[in-house]
Amino acid sequence: MRLSRYFLPTLREDPAEAEVISHKLMLRAGMIRRLASGIYSFLPLGLRALRKVERIVREEMDRAGALEVLLPLVQPAELWKETDRWDRFGKELLRFKDRKEHDFCLGPTHEEVITDLVRGEVRSYRQLPLILYQIATKFRDEIRPRFGLMRGREFIMKDAYSFDADEEGLDRSYRLMYETYERIFSRCGLRFTAVLADTGAIGGEESHEFMVLAETGEDVIASCPSCGYAANLEMAEAVREYFYPEEEERPLEKVSTPGVRKVEEVAAFLGVPTWKLVKTLLYLVDGKPYAVLVRGDHELNEVKLRRALGAEKVEMADPETVERLTGAPVGFAGPVGLSGLTIIADKAVAGLKNFVTGANEEDAHYVNVNHPRDFKIEAFFDLRNVTEGDLCPRCGKPLELTRGIEVGHVFKLGTKYSEAMGATFLDREGKERPFVMGCYGIGVSRTVAAAIEQNHDENGIIWPLALAPFHAALLTLGADSDLLQASERLYQALWESGVEVLWDERDERPGVKFKDADLIGLPYRVVLGKKFKSEGKVEIKPRRGGETLMLSPDEAVSFLASKVKEAQSS
């Protein structure tokens, strides 16, 4: 492809709208353009990278025996009502009516649609196991779409669904997809790990997330280098026991704290460490009010709260509700004197003596608070995020916290959807049984962005060879006709040998060509300039760094073709 004829509108400066590095570089490199909040158009360069991910995903899913289908984006409400998700999924489900006033939604996922398809076609255990997948557009009406493709509203996803006759079959399908995902992300040239994860709105019995490791990742991963345990922050167990100094319970005392409400501010004002404060957080749990206590230096984990209480939905109370329940504005809630709601606490609060809480009164806190003397805690749970220094729940060694980007998620759904939708088959004895299902997703467009988050420098993108829109950038430095003819011959030879080349034959200064080449980040830069005119040598420089090679045109073709072949066979 000749760059002079290619649609590649690069930008010199970071766009103001972009926050994370992948968003900045994809806009600057002319890969995407914003149409609306969280909705992007793919330009030719971006689409080529997207198609590279799709190809790897499709090849590995086919290799695993999965069969590709294509399901509608628009889904009827009736299917979602069968599983009670029409109301429970929340505002991320974009609902609308057609001209006949029938309710529909744009599919954020396809569990209902695929279950409806299979229940109408598969009747016998002899047709099982079955794994169907698609690569298609999804839509989730995120409340705060941000970070470009990392958290958009419209995105490209590979979603697969397995149907088995029993739990043993599901275990085999789940392991097959888990191993398939390992091959997919390895072939993409990405550093990744699989971690235990919450099943969230999809539901089910067990799940793992596949995380691309990146310092800029929005997810925190807790892992144990000793035994291999790994979980995302939502699922990582906090097992450290706290042994507090023995001290006598002192009399409860209310103190004035004018204008001081944040933990750090209160601790500094009273001259106590932050762990001596206990935060009282007001939540509505399936509509019922709860006061949740956590230490001042810890953060509440809402997923753990939901799981601990077996709830469908937890949401933090709004300021008006907080004031109605406590009599005070946000920042001054406390457990002493609270009535009409259940009080629960994180395990780290147990044993804490003479601590500080809000006094349910503006500009006031209690000191020397103790339980059960001053209030009653109904139950203790693991409710907090793990922190540095916490111990592995399996082997007791220290956990390490790293950052990552979720690009894949596998779930054991069990019979959650098949039972709700009456999706059954006849077993060997002729009895009707619900399908045992699994669900397996990969964010295809998100994987493109995650690859950039993991692979970049101050000059631009550094593509892994397997995902690069082109394998090499061919730069002709000069308008000499002999140089252009030699470049043309090399360009043709590279394409014929399987090397995808973007040829920059524009009438531009060398500096402009080098900057653009670094920005779009193709794995190899091939230069024909003064050295070629004087010595007949082509300069080949890897984008990731390393030795610059001076080769003849034939040697350059052989070298690059071997690198491409090596990447494709890995």
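**Cysteines, cores and a small sheet**

Visitor: Hi! Is C227 buried, exposed or partly exposed?

Guide: In this predicted model, C227 is partly exposed, with a relative accessibility of 37%.

Visitor: How many disulfides are there?

Guide: The count is zero. C224, for instance, is in no disulfide, and the nearest cysteine sulfur, that of C395, is 3.4 Å away. A disulfide needs the two sulfur atoms within 2.5 Å, so this pair does not count. For C227, the nearest cysteine sulfur belongs to C392, 3.5 Å away, and C227 is in no disulfide either.

Visitor: And is C224 buried or exposed?

Guide: C224 is buried, at 3% relative accessible area.

Visitor: New topic! Which residues touch the most other members in the largest nonpolar core?

Guide: Those are M31 and W463, in a core of 68 residues. Domain 1 (16-236 + 401-453) and domain 3 (470-569) both contribute residues, so the core lies between them.

Visitor: What does M31 touch?

Guide: Leaving out residues up to four places away in sequence, its contacts include F42, L45, V448, I461 and W463. Another core, of 24 residues, lies apart from this one; L325 and I343 are among its members.

Visitor: Cool. What's the strand order in the three-stranded open sheet?

Guide: The order is β13-β19-β18, with antiparallel pairing. β13 (253-256) and β18 (355-358) are at the edges with a single partner strand each, so one side of each has no neighbour in the sheet. Ignoring direction, neighbouring strands are turned by 30° against each other on average.

Visitor: How many bridges join β18 and β19?

Guide: Three bridges. T357 stands opposite Y366 in β19.

Definitions and conventions: Residues are numbered from 1 along each chain as its sequence is written. This is a predicted model: local features need pLDDT of at least 70, side-chain atom pairs count only at pLDDT 80 or more; totals for chains, interfaces and linings use all residues. Side-chain values use heavy atoms; hydrogens and water are left out. Two strands pair if DSSP finds at least two bridges between them. Helices (H or I, at least four residues) and strands (E, at least two) are DSSP runs, numbered from the N terminus. Axes are lines fitted to C-alpha atoms, for helices over the stretch in contact, and angles run from 0 to 180 degrees between N-to-C directions. A nonpolar core is a set of buried Ala, Val, Leu, Ile, Met, Phe, Trp, Tyr and Cys residues joined through side-chain atoms within 4.5 Å. Buried means under 20% relative accessible area, exposed over 50%, partly exposed in between (1.4 Å probe, protein chains only). Domain bounds come from an automatic or database domain assignment. Contact means heavy atoms within 4.5 Å.
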